[in-house]
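Morning, everyone. I have one protein chain to walk you through today. Please bring up the structure and keep it in view while I talk.

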Amino acid sequence: MHNLFYINIKLGVNFMTEVMQIVNTHGVKGEMKALYFADSPEFFKQVPTLYDKNGRAFKITPLREHKGALLINIDGIDDMNKAEALKGTSLFAKREDFPALPAGEYYLTDLIGLAAVEKDGGEIGKVINISENAAQNLLVIEKPDGTTVLVPNCDAFVEKVDLDEKTIIITPIEGLL
C-alpha cells in the first residue's frame, strides 16, 4: 500500500490525483516549499511532470526535504515573484504516470471506486474516499441507502483488495456497518 490518495479530479478524459501543494516560496531564486502526498520524494523523480487543476503542465525537480516539506524547482520559475504566484497551487499527477508497484501492492487512490463486499459476497457499498486518522487510514464507504460508514484500512478489516475485479473484501465486526 502506498500513500497517494488525496483529491482526485477529472480533467478531460484523465483522472488525476493531487500529489503536492505549493505552500510558500523559499529564497529568492524561485525555489518553492511544497507539501507532498506520497510515501517519499523519490516519487517525484519518477513522475516529474505535474499539472494544475486547469491542465497546465509543470516540470518539477525535487531538491531536498525541509521541515516536513519538500523544496522544489519548477522549470521556468527562476525568481521569488514567479514562485509567489504559484503559492497555494495544488499539483496533480496522471494515474498512468505513477511508478509500477510490486505485485500485491497498490496506491490508496486505487481503492476509490471499488465495490466493498463482505466475505460471503454481501454488498456493503462503494469506497468513495480515504480519510486520514492518527491510527490508520479509514475507508469511507457509501452504502446503497446513501449513508456512509468508516472502515479502518488494516488487515483486521480488509481481507483482500482485488483491483482486477474492482472489489475490496471487508471483514466487519458487529456494529461496524
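I will go from the whole chain to the cores, then to single residues, and end with the pockets.

Please keep in mind that this is a predicted model. So, confidence first. The mean pLDDT of the protein chain is 86. Of its residues, 91% reach 70 or more. Which elements sit at the two ends of that scale? Strand β1, residues 8-11, has the lowest mean pLDDT of the elements, at 49. Strand β8, residues 115-118, has the highest, at 95. Look also at residues 1-7, where the pLDDT is below 50. That stretch still has 40 contacts in the model beyond near neighbours in sequence.

Now the overall layout. The protein chain has 177 residues, and 41% of them count as buried. It holds two helices and 13 strands. Along the principal axes, the C-alpha atoms fill a box of roughly 60 × 35 × 30 Å. Take the contacts between residues at least 6 apart in sequence. Of these, 54% join residues at least 24 apart.

Next, the inside. The largest nonpolar core has 23 residues. Which of them have the most contacts inside it? They are Met20, Met32, Phe44, Leu50, Ile60, Ile72 and Ile74. Several elements give two or more residues to this core: strands β2, β3 (31-36), β5 (57-66), β6 (69-74) and β7 (90-94), plus helix α1 (42-46). There is also a second, separate core of 16 residues. Ile124, Ile130, Val149 and Ile168 are among its members.

Stay with Leu50 for a moment. Set aside its neighbours within four places in sequence. What does Leu50 touch then? Val19, Met20 and Phe44 are in contact with it. So are Arg56, Ala57, Phe58 and Ile60. Leu91, Phe92 and Ala93 complete the list.

On to Thr25, in strand β2. Is Thr25 buried or exposed? Thr25 counts as buried because its relative accessible area is 15%, and the cut-off for buried is under 20%. Beyond four places in sequence, Thr25 is in contact with Glu31, Met32 and Lys33. It also contacts Met80, Ala83 and Glu84.

Compare the contacts of Ile77. This residue is in the loop between β6 and α2 (80-84). Ile77 is buried, with 16% relative accessibility. Beyond four places in sequence, its contacts are Lys29, Gly30, Met32, Lys82, Ala83 and Leu86. Met32 and Ala83 therefore appear in the contact lists of both Thr25 and Ile77, with contact meaning heavy atoms within 4.5 Å. Now look at Ile77 and Glu31. They are 46 residues apart along the chain, yet their C-alpha atoms are separated by 7.9 Å.

Two lysines next, for their backbone. As background, most residues other than glycine have a negative phi. Lys67 has a positive phi of about 50°. Where is Lys67? It is in the loop between β5 and β6. Lys67 is exposed, at 74% relative accessible area. Its C-alpha atom is 9.5 Å from that of Lys33, a residue 34 places away along the chain.

The other lysine is Lys166, with a positive phi near 60°. Lys166 is in the loop between β12 (158-162) and β13 (167-170). Lys166 counts as exposed too, with 54% relative accessibility.

Last, the pockets. The largest has a volume of about 320 Å³. Its lining has 12 residues. Which lie nearest its centre? Arg95, Thr109, Asp110, Ile112 and Gly113 do. By element, strand β2, residues 14-26, gives the most to this lining, with three residues. By class, the lining has five nonpolar, four polar and three charged residues.

The second largest pocket has a volume of about 210 Å³. Its lining also has 12 residues. Gly104, Glu105, Tyr106, Val158 and Val161 lie nearest its centre. Here the lining divides into six nonpolar, two polar and four charged residues.

That is the tour. Questions, please.

Key
Residues numbered from 1 in each chain as written. Predicted model: local features only at pLDDT ≥ 70, side-chain atom pairs only at ≥ 80, totals over all residues. Heavy atoms only, no water. 1 Å grid on protein atoms, 1.4 Å probe; cavity = no way out; pocket = protein on both sides within 12 Å on 5 of 7 lines; lining within 4 Å. Points joined across faces, edges and corners; volume = space filled by probe spheres on them. Helix = DSSP H or I, 4+ residues; strand = E, 2+ residues; numbered from the N terminus. Nonpolar A, V, L, I, M, F, W, Y, C, P; charged D, E, K, R; others polar. Core = buried A, V, L, I, M, F, W, Y, C linked by side-chain atoms within 4.5 Å. Buried < 20%, exposed > 50% of the residue type's maximum accessible area, 1.4 Å probe, protein only. pLDDT = per-residue confidence, 0-100.
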